[in-house]
Amino acid sequence: MTEAKVKQESGEVAEIESRIIELCQQFPHGITDQVIQNEMPQIEPKQRAMCINRLLATGQLDLLRSGTGLLYRMKDPQTVGKMKGSDNQEKLVYQVIEDAGNKGIWSRDIRYKSNLPLTEVNKILKNLESKKLIKAVKSVAASKKKVFMLYNLQPDRSVTGGAWYSDQDFESEFVEVLNQQCFKFLQTKAEAARDSKQNPMIQRNSSFASSHEVWKYICELGISKVELSMEDIETILNTLIYDGKVEMTIIAAKEGTVGCVDGQMKLYRGVNPIIQPAGLVRTPCGLCPVFDDCCEGGEISPSNCIYMTDWLDF
């Protein structure tokens, strides 16, 4: 009789554990104890806690902290192999870093989320780095701080600064060279259109180039040590638009056309101003958005205007 009762209880435990695993599979980001309770209201809290602890002990579930409390999540089989032999504190820090993705996380935030002492966090971080499970990456947002992410992840552009940064330094010369070459390409295309001696409308249309054409030209020049994307080239073209050297138009295009996004394509062409801008517009005062608030002795004053100083020095 006792043996039959034990078998029945074991069967119930296995069934509860199986149901908890199914719930975790339905919600990959994790479930709370309340979710389990709502799905299995007939299970006593003591029995539910025992089943959860068994799943945690056997390495089938991960225990995470969130703003609303604790979360239970299915453990990644690959992570299980990597973290073999690690203690619970090391696993917790690894999970916190994993959740941060390719944007990384500061050690201060790791300490806050793991609720571990700073000395212990630093020790664990060094250990995980030595195992090549995580890596430290310098962030352009804070020169003296590093963010931690999984070893195999490519850092997000917000961390590295993209193509315009090298070792946290803005590559102003590189950007200037790209500006010149993009404008040169568009100028050459515009001159070729004018030399074609066709009617003005055809000349104008043939002077435009897509961002893909400009990107291809820059790639073929081989002036960049890093791989540039179409988005990078469009950023450069936008600066030329702000400088009044280039104009952009958007046309409808067939889906699948190179450079087409949502049925639209951006076209650019180099332009030459018909007349030079007036002298006042060339000064900082001519374009200053707080011109009306500027007065001698005030918070905004010509005597302490950094833009006026830079302009006079130039």
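This report walks through a sheet, a nonpolar core and a pocket.

The model is predicted, so local features need pLDDT of at least 70 and side-chain atom pairs count only at pLDDT 80 or more, while totals for chains, interfaces and linings use all residues. Residues are numbered from 1 along each chain as its sequence is written, and side-chain values use heavy atoms, with hydrogens and water left out.

Let's start with the sheet. It's open, with 3 strands in the order β7-β9-β8 and antiparallel pairing. Strands here are DSSP runs (E, at least two residues), and helices are too (H or I, at least four), numbered from the N terminus. Two strands pair if DSSP finds at least two bridges between them. β7 and β8 stand at the edges with a single partner strand each, so one side of each has no neighbour in the sheet. β8 is joined to β9 by 7 bridges, and M248 has Y268 in β9 as its bridge partner.

Next, the core. The largest nonpolar core (buried Ala, Val, Leu, Ile, Met, Phe, Trp, Tyr and Cys residues joined through side-chain atoms within 4.5 Å; buried means under 20% relative accessible area with a 1.4 Å probe, protein chains only) has 20 residues, and W164 and L186 are among those with the most contacts inside it. The largest share, 7 residues, comes from α9.

Here are some elements with their residue ranges:

| Element | Residues |
|---|---|
| β7 | 209–210 |
| β8 | 246–252 |
| β9 | 264–270 |
| α9 | 172–195 |
| α11 | 211–221 |

Finally, β1 gives the most to the lining of the largest pocket, with 5 residues.

Methods: Buried < 20%, exposed > 50% of the residue type's maximum accessible area, 1.4 Å probe, protein only.
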